[in-house]
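Work through the following exercises with the sequence and the coordinates open beside you. Each task is followed by a solution that goes step by step.

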Amino acid sequence: MCLGIPGKVVEVRDRIAVVDFGGVLREVDATLEEVNPGDYVIVHVGVIISKMDPETARETIEAWEEMIRTLEES
Amino acid sequence: MDVSAPFRDPGISRLIVGKIAGIAGELDDRVKIMDFCGTHEWTITHYGIRSLMPENVELVAGPGCPVCITPGYYVDVAVKLAMEGVRVFTFGDVYRLPGSSKGAPRNLEEARSEGADVRIVYSVADAVKLSSDGKESVFLAVGFETTAPATLSPIYRGAVPDNLSFIVVHRLTPPITKYVLENYPQSPIRGIIAPGHVSAITGAAEWKFVAEDYGIPVVVSGFEPVDILLSILEILRQVRDGRAELVNEYSRVVRWEGNLRAKGIMRSTCEVVEAGWRGIGFVPESGLRLRKGYSRYDALVRYGVPELSKEAWLEDLPPGCRCAEVTLGMAKPADCPLFRKVCTPERPYGPCMVSSEGTCLIWAKYGGDELLRGLREEFEPT
Ligand code: SF4
């Protein structure tokens with residue numbers, strides 16, 4: 001039920017966003033989150049519940065790799 | 001671009017599995033970690049993550065399946081309205097969910113086969129659109145904080161036509177987590193993997209109480225295998241070091257404060273009430289109920305149906321079904337004598353076999369204790 005499907009915003013009109021889910025375009029509700037074309041988002045039952053930040057994703061992986069390396073040394 | 005691709009990387013997974021084994025080896029006792037969310041349980045089972053765990057690390061599924069914990073009473077109400085000619089909308093997962101009544105129809109699927117107008121929709125917006133025809137309609141709205149704003153946002157905006165009302169069975173996850181920790185201390189949980197998409201709404205900060213009040217490490221986790229493995233590693237590190245902190249592993253999606261707009265809508269439209277959980281009972285401050293100002297959207301008010309009360313609470317699991325214990329992390333599906341015999345994905349008997357997030361269905365479909373050998377070999381530390 002809490003499945004969130006990642007996609008990329010293609011277009012925003014009014015409170016509706018067109019989101020690209022790996023090639024399939026769908027209109028979803030964009031009332032809960034301020035989004036712009038190009039944003040990565042998580043969609044749940046037809047509603048954008050959050051953005052997904054690629055920069056943070058990269059930082060997360062790097063930070064954990066760093067942590068794992070530190071574990072290595074200790 | 002697939003933002004989450006690195007979080008499925010077998011190389012990284014292998015590295016983390018190695019670290020998990022290393023730290024687990026330093027611990028003298030068993031560590032039980034609860035994954036709250038049904039989607040986490042799916043990832044764990046689908047990728048065979050249980051089989052990658054050292055012997056003293058046990059992963060148990062928690063109450064994170066909103067369909068499984070929806071009291072049969074609300075299904076009964078929806079079935080009754082459907083049989084009286086009201087059109088009933090719901091999500092696919094709820095369609096076959098058994099109600100509590102012994103009589104027929106047992107669920108919305110059976111009601112439909114007896115001629116009732118029952119529609120499965122993908123979103124609340126679809127139900128709103130279809131209701132523009134003016135027909136008396138009800139939406140059976142289940143789900144946690146992730147889903148509640150989808151129901152409540154159109155209500156809040158006044159976008160719902162007069163002929164559509166809602167049976168609101170939305171439930172809140174931090175209160176049930178608290179309930180599990182308070183009521184089952186005999187089954188010590190040493191770490192909690194907190195639900196990622198719930199937290200996208202509530203905010204990661206909502207889980208602080210687990211670390212601060214109960215001294216248990218808690219990690220808000222994403223849904224890829226690397227996300228889950230990192231969360232387990234973090235919990236084990238904290239256990240080893242005698243710490244208990246809240247960590248947001250899923251920061252690419254989850255903000256500390258959550259989705260403020262969604263939270264505002266939930267607060268404006270609903271009050272937080274003591275609410276029933278199937279097989280478990282009434283849990284304080286764990287449910288949403290539409291406020292007076294929005295009661296014209298409340299199907300129970302509209303059709304004069306009483307709310308489920310604590311006094312009227314009845315055991316509503318089918319006889320022999322151990323779904324409640326499975327949900328509370330006290331039993332595994334395989335401990336239920338009906339599992340895969342009487343109760344199967346094709347013919348579900350209990351609620352945990354109905355939803356794609358039900359632990360019994362996930363185990364029946366993807367294995368549970370029977371391991372996905374291929375992935376195990378792929379992930380095995382070399
Ligand atoms: S296998 Fe079926 S009957 Fe047994 S606990 Fe699970 S849902 Fe209930």
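**Exercise 1: a salt bridge and its surroundings**

Task: characterise the salt bridge in which the side chains of E41(B) and R50(B) meet, with an N to O distance of 3.0 Å.

Solution. Begin with the conventions: the model is predicted, so that local features need pLDDT of at least 70 and side-chain atom pairs count only at pLDDT 80 or more, while totals for chains, interfaces and linings use all residues. Residues are numbered from 1 along each chain as its sequence is written, chains are lettered from A and ligands numbered from 1 in the order in which they are written, and side-chain values use heavy atoms, with hydrogens and water left out.

Next, apply the criterion, by which a side-chain nitrogen of Lys or Arg lies within 4 Å of a carboxyl oxygen of Asp or Glu. Then turn to accessibility, where buried means under 20% relative accessible area, exposed over 50% and partly exposed in between (1.4 Å probe, protein chains only). E41(B) is buried because its relative accessible area is 1%, and R50(B) is buried because its value is 16%.

**Exercise 2: salt bridges elsewhere**

Task: state how many salt bridges a search of the whole structure finds over all chains, and place examples of them.

Solution. The search finds 30 over all chains. In one of them, K51(A) pairs with D39(A), the closest N and O atoms being 4.0 Å apart. Since K51(A) lies in strand β5 of chain A and D39(A) in the loop between β3 and β4 of chain A, the pair ties together parts that are 12 residues apart in sequence; helices (H or I, at least four residues) and strands (E, at least two) are DSSP runs, numbered from the N terminus. K51(A) counts as partly exposed because its relative accessibility is 30%.

For a contrasting sequence separation, take E234(B) and R237(B), whose closest N and O atoms are 3.0 Å apart. Both lie in helix α10 of chain B, 3 residues apart, about one turn of the helix, and both are buried. Finally, a network of salt bridges links E26(B), R240(B), D241(B), R243(B) and E245(B).

**Exercise 3: the interface**

Task: describe the interface of chain A and chain B by its contacts, its buried area and its composition on the side of chain A.

Solution. First count the contacts (heavy atoms within 4.5 Å): 36 residues of chain A are in contact with 48 residues of chain B. The two chains bury about 3,600 Å² between them, 67% of it on carbon and sulfur atoms, where buried area is the accessible area (1.4 Å probe) that two parts lose on being put together, summed over both.

Then list the charged pairs: the rule finds 3 salt bridges across this interface, and E33(A) and R255(B) meet in a salt bridge through their side chains at 3.4 Å, N to O. On the side of chain A that touches chain B, α1(A) gives the most, with 11 residues. By class, that side has 20 nonpolar, 7 polar and 9 charged residues; Ala, Val, Leu, Ile, Met, Phe, Trp, Tyr, Cys and Pro count as nonpolar, Asp, Glu, Lys and Arg as charged, and the others, Gly among them, as polar.
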